[in-house]
Each structure stands twice: as structure tokens, then as C-alpha cells.
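The following exercises concern burial and helix packing. Work through each task with the structure at hand before reading the solution.

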Amino acid sequence: MAQTLLMPKATAVWLVDNTALSFDQIAQFCKLHPLEVKAIADGEAAQGIKGLDPIATGQLSRDEIARAEKDVNYKLKISEPKVRVPDSKRRGPRYTPVSKRQDRPNAILWLVRNHPELKDAQISRLVGTTKSTIEQIRDRTHWNSANLAPMDPVTLGLCSQIDLDLEVEKASKGRPLPTAAELGATLQSTSETENAGFSYEREEEKEIDANAVFAKLQSLKSDRPSDEEDDQY
């Protein structure tokens, strides 16, 4: 694996101030343009940047600098690190401390109930468990199912809130939008609510029969007592 120079500009500042290397040699080593190195030497660039000693950081040796100063065509080579740092890429489930392993089933139950969109692989990454354990908790066939209580894995310290949010976001991207049945009662359409509770239907006007009206008036007059009858009383 090729080594990467730490803080190339600061290293170039130090090499310009403390060595007799050419601009091209410094530019090649620091992955800069020769004109940029020249601007650093003239004080036109990298102002305020403190030089970084590549010898102190173990990325360049004094012998390598001396060899390059004697030969203008010599290209500086970065020193091999004395300590190999393993890659930070993690494969497989997350490691869980022994003291917290008893809390994993409770955390799995919490994730299964509160985030059903999460896949088994995502739950495994979050709390460091196996697919079989997740399936047992889903099916309630786990040996301790009766005593399990859902607990937030962030509160238990099994994962961070950032990791949980990222996994939930990933799982939600391919999830279809909820249907009306899933959302429950929805608003009625405009056409249904415009005339709700009101009736604008007009009753058909009945045709007035003049003969019937006069006949009714005649009957009312005949029912009234005459003036003579009134005098008797």
C-alpha cells in the first residue's frame, strides 16, 4: 500500500526553509506544482503555515535528503512506516463487550418492534448479533423470550444514535409509501364534503287547483254560525 505524505504544504514549507532541494524535487515529493513551491519560497503562498519536519514524523530520513541535495535529478522517496496500522474497515458483526452481551436480546426486541423496516443484516451490524438470534426473537422462540423487555440500543451503549439513524434511513429509501388503509381514516374528498348535511333539492311545485281552493272557502263559511244564532246567545 502506497504511503501518503502528511500535510504536504507544511512539509514543503519546512523543506524550502531547511534544505537545499530544488523546487522540482520538493514539488514531486509533496505532490505540488513547482510554481507553487516557488511561491512558497518567495513568501507569496502558504503564509502563516508552520513548517512540518518530515524527519520528525518519520516520513523522510536525513540520508535521503542528503542524497537528493547532491543529485538534482534524484527523486525523494517516502520512508516506510515502522508501525503498520491495520485498515479501519470492519467486516462482520460489531464487537460487543462481554458486560453488555446480555443486553443484546432486549435491544434486538426494541429494534424489531420500533423499526420493522430494518433488515437482519442491519440489526446485526448495530448490536453485533447473529441472524439466527434475530429470527428467534422475531418468532418468540428465544430461550429467554418470556423475560425480554425492549430497550433502546443507544441507551444501552450498543450503538450510537448516528449509526441507528443511518441504518433507518437506508432501510426507508426503498420502502414504498404507506397506503390509505395503513394510514387509517383519511380526509373526505371535496365533492363529498361540499354538500354534507345540506339538501338543495327543491320540491316540485304543486299545481294549484283554483276550484278546490274556492270549495274549501265555501265550506268554511257554511261552518260559521249565522248572526241570528249569535243574537240568541
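A residue counts as buried when its relative accessible area is under 20%, and as exposed when that area is over 50%. The model used here is predicted.

**Exercise 1.** Determine whether H115 is buried or exposed.

*Solution.* Begin with the location: H115 is found in the loop between α5 (104–114) and α6. Next, take its relative accessible area, which is 17%. The cut-off for burial is under 20%; H115 is therefore buried. Finally, list its contacts: leaving aside neighbours within four places in sequence, H115 touches W110 and V168.

**Exercise 2.** Establish how helix α6 and helix α7 are oriented towards each other, and which residues make the contact.

*Solution.* Two packed helices are described by the angle between their axes and the distance between the axes. For α6 (residues 120–127) and α7 (residues 131–139), the angle is about 110° and the axes are 9 Å apart. Angles of 65 to 115 degrees count as roughly perpendicular, so α6 is roughly perpendicular to α7. On the α6 side, D120, I123 and S124 make the contact, while α7 contributes K131, I134, E135 and R138. By class, these residues comprise 2 nonpolar, 1 polar and 4 charged.

**Exercise 3.** Describe the surroundings of I123 in helix α6.

*Solution.* First, the relative accessible area of I123 is 0%, so this residue is buried. Second, not counting residues up to four places away in sequence, I123 touches I108, L111, V112, L118, G128, T129, I134 and R138. Third, I123 and I134 are 11 residues apart in sequence, with a C-alpha to C-alpha distance of 8.0 Å.

Technical notes. Residues numbered from 1 in each chain as written. Predicted model: local features only at pLDDT ≥ 70, side-chain atom pairs only at ≥ 80, totals over all residues. Heavy atoms only, no water. Axes fitted to C-alpha atoms, helices over the stretch in contact; angles between N-to-C directions. Helix = DSSP H or I, 4+ residues; strand = E, 2+ residues; numbered from the N terminus. Parallel < 35°, antiparallel > 145°, perpendicular 65-115°, else oblique. Contact = heavy atoms within 4.5 Å. Nonpolar A, V, L, I, M, F, W, Y, C, P; charged D, E, K, R; others polar. Buried < 20%, exposed > 50% of the residue type's maximum accessible area, 1.4 Å probe, protein only.
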